[in-house]
Amino acid sequence: MTAPGQNMKVDGDRLWDSLMEMAKIGPGVAGGNNRQTVTDADGEGRALFQSWCEAAGCTMGLDQMGNMFARREGTDPDALPVYVGSHLDTQPTGGKYDGVLGVLGGLEIIRTLNDLDIRTRHPIVVTNWTNEEGTRFAPAMLSSGVFAGVHTQDWAYAREDAQGKSFGDELERIGWKGSEEVGARKMKAFFELHIEQGPILEAEGKDIGVVTHGQGLSWTQVTVTGKDSHTGSTPMPMRKNAGLGMARILESVDEIAWSHKPHAVGAAGHIEVHPNSRNVIPGKAIFTVDFRSPDLAVIEDMEARLRDAAQKICDDMGLEVAFEKVGGFDPVEFDETCVAAVRNAAERLGYSHMNLISGAGHDACWINRVAPTAMVMCPCVDGLSHNEAEEISKAWAAAGAEVLLHAVVETAEVTEG
């Protein structure tokens with residue numbers, strides 16, 4: 001397989017202009033975006049993306065989950081396509097780059113190949129996966145999950161938002177429900193460019209993250225039950241303080257995660273204390289412990305130690321405790337050949353790079369189940385994401401897209417004429 005020449009460069013200004021033009025659709029209140037999935041703004045963003053793809057000579061496919069597939073033909077009609085992409089939907093207070101960079105970076109590949117009149121043996125398909133964020137309709141990575149056989153389509157259609165509207169109905173309402181069977185497409189490979197959403201690349205002064213793994217995730221909901229009582233008149237020895245029990249368990253969660261440094265993490269973000277009154281000792285605390293690691297054995301160890309530690313804490317305090325596994329997925333190891341294509345591209349182009357483990361879930365994590373997959377990451381300022389203040393530089397965007405271009409084109413195989 002011949003590597004593309006070092007002089008093959010993307011147009012960084014054109015990519016940036018496209019990012020800024022897309023950001024005008026579904027503007028947020030603080031400089032970012034609110035282009036949530038299957039809203040009118042999502043539909044408008046999709047239409048703009050389609051118009052750009054068709055102007056670049058692509059044909060657009062659309063499946064029953066609304067996943068968009070812009071295809072640039074290859075010279076071999078029987079060759080499996082190389083797919084590249086991410087998502088156009090955002091958080092309610094999202095940034096201009098999360099997901100969007102991966103879609104428009106894929107489009108920039110097509111535009112660059114057109115500019116240079118380069119043909120590839122394999123077709124190249126730029127993809128917009130529907131509802132990656134999962135904010136309006138849980139869970140995240142919904143449509144890539146259906147594509148990969150993780151979820152059923154009927155189950156996905158039935159997901160409801162806070163207003164009781166179903167995903168399937170809203171997808172149809174905005175006019176982006178296609179007829180193509182979900183998951184019928186076969187891929188030679190899939191590549192996803194994304195901002196890091198963490199601080200490591202910027203802190204290390206690296207241009208490119210070569211993503212080797214995606215962290216696995218475990219969510220355990222813990223319910224600690226004590227007894228509501230007056231904070232002023234209940235003697236200390238007679239208290240059954242569920243809030244204090246929760247605090248001691250969370251201290252243990254932190255210790256457990258630290259014991260598997262540097263890659264394991266753990267915390268509780270969802271916390272409810274009942275009755276949540278200033279002068280009542282909490283009688284119940286409900287919280288979800290989020291453990292993540294690229295090693296499944298580590299996740300299983302952290303889960304087991306959480307249950308043991310929480311049970312002992314509650315037994316010693318005269319409290320009751322119950323556990324429920326409410327979510328999770330196994331760690332992902334990306335394809336060695338695709339990862340090598342990303343790393344080789346960075347080296348060939350002279351970009352500084354390092355291996356990364358993605359702490360967030362991405363569509364690539366599901367697609368990895370059905371096709372060889374890899375991810376490219378670029379830095380983001382202060383590691384800030386899922387926030388309207390999310391920021392990257394034009395140079396970072398161009399570097400990520402250039403590495404993506406070279407990895408995709410090497411995999412799609414340049415042909416003569």
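In this predicted model, the axes of helix H3 (residues 100-116) and helix H12 (residues 394-412) come within 9 Å and cross at roughly 60°. That angle makes H3 oblique to H12, and the crossing of these two helices is right-handed. A second helix pair, H8 and H9, also has a right-handed crossing, and both H8 and H9 lie across strands of an open, four-stranded sheet.

**Helices H3 and H12**

- On the H3 side, the residues that meet H12 are Leu 101, Gly 105, Gly 106, Ile 109, Thr 112 and Leu 113, while H12 contributes Ala 397, Leu 404, Leu 405, Val 408 and Val 409.
- Sorted by class, the contact of H3 with H12 consists of eight nonpolar and three polar residues, with no charged residues.

**Helices H8 and H9**

- Helix H8 (residues 242-258) and helix H9 (residues 296-317) have axes that come within 9 Å and cross at roughly 150°; because angles over 145 degrees count as roughly antiparallel, H8 is described as roughly antiparallel to H9.
- From H8, the contact draws on Leu 244, Gly 245, Arg 248, Ile 249, Ser 252, Val 253, Ile 256 and Ala 257, and from H9 on Met 302, Arg 305, Leu 306, Ala 309, Ala 310, Ile 313, Cys 314 and Met 317.
- The residues of the contact of H8 with H9 fall into 12 nonpolar, two polar and two charged.

**The four-stranded sheet**

- The strand order of this open sheet is E10-E12-E8-E13, and the pairing is antiparallel.
- Strand E10 (265-274) and strand E13 (320-329) are the edge strands, each of them pairing on one side only.
- On average, and with direction ignored, neighbouring strands of the sheet are turned by 15° against each other.
- Between E10 and strand E12 (residues 284-293), the antiparallel pairing extends over nine bridges, and one residue pair linked in this way is Val 273 with its bridge partner Ala 285 in E12.

**Helices lying across the sheet**

- H8 lies across strand E8 (216-225), E10 and E12, and its direction is at about 5° to E12.
- H9 lies across E8, E10, E12 and E13, running at about 165° to E13.
- Strand E13, to which the direction of H9 is referred, is one of the edge strands of the sheet, whereas E12, to which the direction of H8 is referred, stands between E10 and E8 in the strand order.

Terms used: Residues are numbered from 1 along each chain as its sequence is written. This is a predicted model: local features need pLDDT of at least 70, side-chain atom pairs count only at pLDDT 80 or more; totals for chains, interfaces and linings use all residues. Side-chain values use heavy atoms; hydrogens and water are left out. Axes are lines fitted to C-alpha atoms, for helices over the stretch in contact, and angles run from 0 to 180 degrees between N-to-C directions. Angles under 35 degrees count as roughly parallel, over 145 as roughly antiparallel, 65 to 115 as roughly perpendicular and the rest as oblique. A crossing is left-handed if the near helix is turned anticlockwise from the far one by less than a right angle, and right-handed if clockwise. Contact means heavy atoms within 4.5 Å. Ala, Val, Leu, Ile, Met, Phe, Trp, Tyr, Cys and Pro count as nonpolar, Asp, Glu, Lys and Arg as charged, and the others, Gly among them, as polar. Two strands pair if DSSP finds at least two bridges between them.
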